[in-house]
Amino acid sequence: METFVIASNNPKKVQELNRILNPMGITAKTAKELGVTLDDVEETGKTFIENARIKAKAAYERTGMPCIADDSGLMVDALNGEPGVYSARYSGEGATDKKNIEKLLSKMEGVPLAQRTAKFVCAIYCILGNGKQLISYGECVGRIGFEPIGEGGFGYDPVFLTQDGRSYAQLTADEKDKISHRGRALTVLKSQIEKYYLDKYFSEVK
């Protein structure tokens, strides 16, 4: 299997990546798993794609290996798109999933279900071994619940309600991959990588 470095130390993100990429003969590993230390990079981008690019380039320059970085977050209509690119650090210094959810629900207090529309967004930036860059994007539309529901997932998953009324945290891994923002972005990336290697193969055999 070809190894791609993922610019994240979130084990659940690594699991999601591997569920999609393993059938292609690609395995995703964190830099730490490969014995490499990545310097912390400041996510100064104003969009998810800009932040994904910053993280991917830093990982590629440090390792020289194919790299994948994602930047994802929640955008709530009633809050004018908050928390957006600040999703992971929404509650400030020392932010945790629990604190972020508490802040979100507090700001949504009194908002009726019909007006609690939101979407999860994921941008993925991939740099292949020869430096070629691929970008993919995915969204999942839903609503913000009134309280956390479910034991699975991470981040805002327990309060993000899908079209069937269940939260992300109540879905199985396969169910989530089929509809999630990251699953959709990874599916697009999978197609891009397959096309790249197919084109490369035909160019080499000419």
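Modeller: Contact here means heavy atoms within 4.5 Å. The model is predicted.

Colleague: Which residues does Phe4 touch, leaving aside residues up to four places away in sequence?

Modeller: Phe4 touches Ile26, Thr27, Ala28, Lys29, Pro66, Ile68, Cys126, Leu128, Ile193 and Tyr197.

Colleague: How should I read a nonpolar core, and which residues have the most contacts inside the largest one?

Modeller: In soluble globular proteins, nonpolar side chains tend to be buried together. In this model the largest nonpolar core has 19 residues. Phe4, Leu17, Ile68, Ile124, Cys126 and Leu189 are those with the most contacts inside that core.

Colleague: Which helices and strands each supply at least two residues of this core?

Modeller: They are strand 1 (2–6), helix 1 (11–21), strand 2 (26–30), strand 4 (117–127) and helix 5 (181–205). Helix 5 gives the most, with five residues. There is also a second, separate core of 18 residues, and Leu74, Leu79, Ala118 and Tyr168 are among them.

Colleague: Now the pockets. What is the volume of the largest pocket, and which residues are closest to its centre?

Modeller: The volume is about 1,200 Å³. The largest pocket is lined by 45 residues, and Ser8, Lys13, Glu43, Lys55 and Ala88 are the closest to its centre.

Colleague: Which elements give two or more residues to that lining?

Modeller: Helix 2 (48–63), strand 3 (67–76), helix 3 (97–107) and helix 5 do. Strand 3 gives the most to the lining of the largest pocket, with five residues.

Colleague: How many residues of the lining are nonpolar, polar and charged?

Modeller: The lining of the largest pocket has 17 nonpolar, 14 polar and 14 charged residues.

Terms used. Residues are numbered from 1 along each chain as its sequence is written. This is a predicted model: local features need pLDDT of at least 70, side-chain atom pairs count only at pLDDT 80 or more; totals for chains, interfaces and linings use all residues. Side-chain values use heavy atoms; hydrogens and water are left out. A nonpolar core is a set of buried Ala, Val, Leu, Ile, Met, Phe, Trp, Tyr and Cys residues joined through side-chain atoms within 4.5 Å. Buried means under 20% relative accessible area, exposed over 50%, partly exposed in between (1.4 Å probe, protein chains only). Helices (H or I, at least four residues) and strands (E, at least two) are DSSP runs, numbered from the N terminus. On a 1 Å grid over the protein atoms alone, a cavity is a set of points where a 1.4 Å probe fits but cannot get out, and a pocket is an open set with protein on both sides within 12 Å along at least five of seven lines; lining residues have an atom within 4 Å of a point. Grid points are joined across faces, edges and corners, and a volume is the space filled by probe spheres set on the points. Ala, Val, Leu, Ile, Met, Phe, Trp, Tyr, Cys and Pro count as nonpolar, Asp, Glu, Lys and Arg as charged, and the others, Gly among them, as polar.
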